[in-house]
Amino acid sequence: WSTPVYTNLPDSPSRTCAAPLPDGSIYLLSNPGPGRDPLVISVAKDGLNFDHHLLVISATAPGAPSYPCHFSSECDNGFQYPSAMWRPGHAELLIFYSINKEDIGLTTIPLVALQ
């Protein structure tokens, strides 16, 4: 195990998702703001320095929850619990995420946009 080191990536208030891309770079899905909006994908060509960032989805989209919140943890508007996969033979990354903890969203990003 290596010694932990600080990064320039803020801690995400929701779960993060990271995995390799077909070209060997690493992607990281996270919420870099104080809340769960926006959802951003960051890419590290060398696997360590995440210096390429793209907005997956942001702000005005989630709106208010459709159902009343009974507990404060249910009232987290935004995009959380991201997951992604690239499909062999296809030049795209499929990104899945929760919207307001009620719906599932899907955003497709061409792999060339992550280079």
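## Strand pairing and side-chain contacts in an all-strand chain

Leu94 has Thr108 as its bridge partner in strand 7. This pairing belongs to a predicted model. Strand 6 and strand 7 (residues 103–110) are joined by eight bridges and run antiparallel. The two strands form a hairpin, with three residues between them. In the turn of this hairpin, Asn100 has a positive phi of about 55°.

Leu94 also takes part in a second pairing. Within strand 6, Leu94 is the bridge partner of Met85. Strand 5 (residues 79–86) pairs with strand 6 through six bridges, again in the antiparallel sense. Strand 5 and strand 6 form a hairpin too, here with five residues between them. Gly89 lies in that turn and has a positive phi of about 90°.

Strand 6 thus pairs with strand 5 and with strand 7. Is strand 6 enclosed or open to the surroundings? Six of its eight residues (92–99) are buried, so strand 6 is largely enclosed by the rest of the structure.

The chain as a whole contains seven strands and zero helices. Its pattern along the sequence is therefore simply β-β-β-β-β-β-β. Of the 115 residues, 34% are buried. The exposed area of the chain is about 7100 Å². Carbon and sulfur atoms supply 59% of that area. Among contacts with a separation of 6 or more, 33% come from residues 24 or more positions apart.

Strands 1 to 4 make up an open sheet. Their order is 1-2-3-4, and the pairing is antiparallel. Strand 1 (17–20) and strand 4 (52–57) are the edge strands, as each pairs on one side only. On average, neighbouring strands of this sheet are turned by 20° against each other, direction ignored. At one edge, strand 1 and strand 2 run antiparallel and are joined by four bridges. Ala18 is one of the residues involved, and its bridge partner in strand 2 is Leu28.

Side chains add further links. How many salt bridges does the chain have? The count comes to two. One joins Asp23 to Lys45, with the closest N and O atoms 3.5 Å apart. This pair links distant parts of the chain, since its members are 22 residues apart. Asp23 sits in the loop between strand 1 and strand 2, and Lys45 in the loop between strand 3 and strand 4. Asp23 has a relative accessibility of 44%, so it counts as partly exposed. Lys45 is also partly exposed, because its relative accessible area is 46%.

The other salt bridge is formed by Glu92 and Arg87. Here the closest N and O atoms are 2.6 Å apart. Arg87 is partly exposed, with a relative accessible area of 29%.

A further arginine has another setting. Arg36 lies in the loop between strand 2 (26–30) and strand 3 (39–44). Is Arg36 buried or exposed? Arg36 is at 14% relative accessibility, so it counts as buried. The cut-off for a buried residue is under 20%. The side chain of Arg36 makes a polar contact with the side chain of Tyr81, at 3.4 Å.

Technical notes:
Residues are numbered from 1 along each chain as its sequence is written. This is a predicted model: local features need pLDDT of at least 70, side-chain atom pairs count only at pLDDT 80 or more; totals for chains, interfaces and linings use all residues. Side-chain values use heavy atoms; hydrogens and water are left out. Buried means under 20% relative accessible area, exposed over 50%, partly exposed in between (1.4 Å probe, protein chains only). Contact means heavy atoms within 4.5 Å. Accessible areas come from the Shrake-Rupley method with a 1.4 Å probe; for residues, only the protein chains shown count as cover. A polar contact is a pair of N or O atoms within 3.5 Å; within protein, one must be able to donate a hydrogen and the other to accept it, and residues adjacent in sequence count only if both atoms are side-chain atoms. Two strands pair if DSSP finds at least two bridges between them. Axes are lines fitted to C-alpha atoms, for helices over the stretch in contact, and angles run from 0 to 180 degrees between N-to-C directions. A salt bridge is a side-chain nitrogen of Lys or Arg within 4 Å of a carboxyl oxygen of Asp or Glu.
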